[in-house]
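Subject: Structure handover

Hello,

Here is the structure I said I would pass on. My notes on what was found in it follow below.

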Amino acid sequence: MKVVISGGTGFIGLALGARLLRDGAEVHLLDIRQPDISDIEFNNLITQKTVQFLKIDLANERSLDVIDEDYTHFVHLAAILGVQNVCENPFETLDANV
C-alpha cells in the first residue's frame, strides 16, 4: 500500500501516517509548511525509510508534477485553519477547504 496524505504535517496527518507506517504502508506526506526542527513527531516519522515529505502547495497545479502517480490511497486533510481566517475570509476559506 502506498499512501499520500495532504496536510500531512498536521496532528491528524502525522498520527495517520505513523499508524499506516506501522501497518507496513509507504507514506508520503504533503504540506505547504515545513515543520519546525523541534517537531519531534514529524522528525521521528520522516526518518523512516518508507516515509517521504514533500513541501508543496496543492493549490498550485504545477506542484502536482513532483508527486508520484502510483498511490493506492489519497487522504486529503489539507485545510486553512483558524477562527480568525474563517471570520475574516469565510467564503475563501470554505472554497479552499472543499
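Is Arg-19 buried, partly exposed or exposed? With a relative accessibility of 46%, Arg-19 is classed as partly exposed. Please keep in mind while reading that this is a predicted model.

Salt bridges

Arg-19 is a good place to begin, as Asp-23 pairs with Arg-19 in a salt bridge whose closest N and O atoms are 3.2 Å apart. Asp-23 is also partly exposed, at 49% relative accessible area. In the whole structure, the search finds 3 salt bridges.

Lys-2 takes part in a salt bridge with Asp-68, where the closest N and O atoms are 2.6 Å apart. Lys-2 belongs to strand β1 (residues 2–6) and Asp-68 to the loop between β3 and β4 (73–76), so this pair ties together parts 66 residues apart in sequence. Lys-2 also meets Asp-70 in a salt bridge, with an N to O distance of 2.6 Å. Asp-70 is in the loop between β3 and β4 while Lys-2 is in strand β1, so here the parts tied together are 68 residues apart in sequence.

Through shared partners, Lys-2, Asp-68 and Asp-70 are joined into one network. Lys-2 counts as buried, with a relative accessibility of 11%. Its two partners are described otherwise: Asp-68 is partly exposed at 34%, and Asp-70 is partly exposed at 48%.

Rings

Lys-2 appears again here, since Lys-2 lies over the face of Tyr-71, 5.2 Å from the ring centre.

The structure contains 1 aromatic pair. The ring centres of Phe-42 and Phe-53 are 5.1 Å apart and the planes meet at 85°; an angle over 60 degrees counts as edge-to-face, so this pair is edge-to-face. Phe-42 is in helix α2 (residues 40–46) and Phe-53 in strand β3 (residues 51–55), so the pair ties together parts that are 11 residues apart in sequence. Phe-42 is buried, at 1% relative accessible area, and Phe-53 is buried as well, at 17%.

Pockets

How much space lies in the largest pocket? The value is about 590 Å³. This pocket is lined by 23 residues, and those closest to its centre are Gly-7, Leu-77, Ala-78, Ala-79 and Ile-80. Two or more lining residues come from each of α1 (11–22), β2 (26–31) and α4 (90–97). The largest share, 3 residues, is from α1. Sorted by class, the lining has 13 nonpolar, 7 polar and 3 charged residues.

The second largest pocket has a volume of about 160 Å³. Its lining is made up of Gly-10, Phe-11, Leu-14, Ala-15, Ala-18, Leu-21, Arg-22, Asp-39, Glu-41, Asn-44 and Leu-45. Both α1 and α2 supply at least two of these residues, and α1 gives the most, with 6. By class, the lining of the second largest pocket divides into 6 nonpolar, 2 polar and 3 charged residues.

To look these features up in the viewer, begin with Lys-2, which is in the network with Asp-68 and Asp-70 and over the face of Tyr-71. Then turn to the edge-to-face pair of Phe-42 and Phe-53, and after that to the two pockets, where α1 gives the largest share of the lining in the largest pocket and the most to the lining in the second largest.

Regards

Methods
Residues are numbered from 1 along each chain as its sequence is written. This is a predicted model: local features need pLDDT of at least 70, side-chain atom pairs count only at pLDDT 80 or more; totals for chains, interfaces and linings use all residues. Side-chain values use heavy atoms; hydrogens and water are left out. Rings of Phe, Tyr and Trp (its six-membered ring) pair if their centres lie within 6.5 Å; planes under 30 degrees apart count as stacked, over 60 as edge-to-face and the rest as tilted. Helices (H or I, at least four residues) and strands (E, at least two) are DSSP runs, numbered from the N terminus. Buried means under 20% relative accessible area, exposed over 50%, partly exposed in between (1.4 Å probe, protein chains only). A charge sits over a ring if NZ of Lys or CZ of Arg is within 6 Å of the ring centre and within 35 degrees of the ring normal. On a 1 Å grid over the protein atoms alone, a cavity is a set of points where a 1.4 Å probe fits but cannot get out, and a pocket is an open set with protein on both sides within 12 Å along at least five of seven lines; lining residues have an atom within 4 Å of a point. Grid points are joined across faces, edges and corners, and a volume is the space filled by probe spheres set on the points. Ala, Val, Leu, Ile, Met, Phe, Trp, Tyr, Cys and Pro count as nonpolar, Asp, Glu, Lys and Arg as charged, and the others, Gly among them, as polar. A salt bridge is a side-chain nitrogen of Lys or Arg within 4 Å of a carboxyl oxygen of Asp or Glu.
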